[in-house]
Every structure is written in C-alpha cells, then in structure tokens.
Amino acid sequence: MNKSLATQRLVNQFVEMAKIASPSRKESNFAAYLKKELETLGFSVEFDNAGEKVGGDIGNLIATLPGTKAAEPLMFCCHMDTVLPCEGIRPIIDGDVIRSDGTTILSGDDKAGIVAIIEAIRRIRERKVEHGLLQVVFTICEEVGMFGSKGM
C-alpha cells in the first residue's frame, strides 16, 4: 500500500472513531468497535472488570496477538473515554487539519493515539513483519481520574 493510501485510511478511521461517543463510564459502544477492529487484525480480545468497580458499562479492553518470532513483548496503551460534550461530533477535514465543526470537541484525545496504534499494527500485519507478542490495552475512565488504569 502506498503512503498516501495508508494515510487516507488512517484519516478515515480517525474521523469514524471521532464520531463514536465515548464519555467516561459509557465506553461500551467504542469498545465494541475496537474489539471488532482488533479481532480482524488477529488479536484475541477480553475485558476486565474495571467497569464494575467504577459504575461503568464496560471494563478495560485487553488484546493479545501471539508473536511470530522469539522477541521481547511489546504493549501499547491508550484510553477510550473522551471529555464532554462528545455526542454528535462532526469532524471536518480542512486541508491537512482535522477539526470539529465548532459545536463540540473533536474527541481527538485519545482517539488519535488509538488510530495510530491500530494503523501501525495493520501495517506490521500487511508487511508480514516478524514480531514478539503484542498487547494492546485500551483503558476506561482516564478523563475522570485514571480509574481504568487503577482498576486493572
């Protein structure tokens, strides 16, 4: 895949993710989207019980991809929740900048990090790069006190 197609894929996925509301304690819709994406990339996905501890609708997402060679494991981590107001987000692509339409936040924290992780893993898989065990952890409730990380 050439660079411009991969970049466009990343931008498209970020815009798609930004539109998914994921307020603290209500990350389940976004978590379901991420679970599907990671399973498509070959990961096994599970959720812990951190959501139960904080009155949330889902726990932390923990995804594991076995290694293809003996090497140190590598873990990526971001948070799934977004500050309010995160309903009805309408991202706009303005040249090389993605921004909101001005009526809401963009929801870029931490969806920009999440899309970067997914795209990096997608490229590793497409290029058949050998790697050690990969783990991805997407936590809940970071914006209200890092409760997902604390509950893990």
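Which residue lies over the face of Phe30, and at what distance from the ring centre? The legends below take this up, along with the rest of this predicted model.

**View 1. Lys111 sits over the ring of Phe30.** Here's the reply to the opening question: Lys111 is the residue lying over the face of Phe30, and its distance from the ring centre is 4.6 Å. Phe30 itself is buried.

**View 2. Phe30 and Tyr33 make an aromatic pair.** Search the whole structure and you'll find one aromatic pair. In it, Phe30 and Tyr33 are stacked, with 6.2 Å from centre to centre and 15 degrees between the planes. The pair counts as stacked because planes under 30 degrees apart fall in that class. Tyr33 is buried, just like Phe30.

**View 3. Helix 2 carries both rings.** This helix covers residues 28–40. Phe30 and Tyr33 sit three residues apart in it, which is about one turn of the helix.

**View 4. Stepping back, the protein has five helices and six strands.** Follow the chain along its sequence and the pattern goes α-α-β-α-β-β-β-β-α-β-α. Of the contacts between residues at least 6 apart in sequence, 70% link residues at least 24 apart.

**View 5. The overall size agrees with a compact globule.** A compact globule of 152 residues would have a radius of gyration near 15 Å, and the protein's 16 Å agrees with that. Its C-alpha atoms fill a box of roughly 45 × 45 × 20 Å along the principal axes. Buried residues make up 44% of the 152. As for the outside, the accessible surface is about 8,000 Å², and 55% of that belongs to carbon and sulfur atoms.

Key: Residues numbered from 1 in each chain as written. Predicted model: local features only at pLDDT ≥ 70, side-chain atom pairs only at ≥ 80, totals over all residues. Heavy atoms only, no water. Phe/Tyr/Trp six-rings, centres within 6.5 Å; stacked < 30°, edge-to-face > 60°. Helix = DSSP H or I, 4+ residues; strand = E, 2+ residues; numbered from the N terminus. Buried < 20%, exposed > 50% of the residue type's maximum accessible area, 1.4 Å probe, protein only. Lys NZ or Arg CZ within 6 Å of the ring centre and 35° of its normal. Rg over C-alpha atoms; globule rule 2.2 N^0.38 Å. Contact = heavy atoms within 4.5 Å. Areas by Shrake-Rupley, 256 points an atom, 1.4 Å probe, with all protein chains shown as cover.
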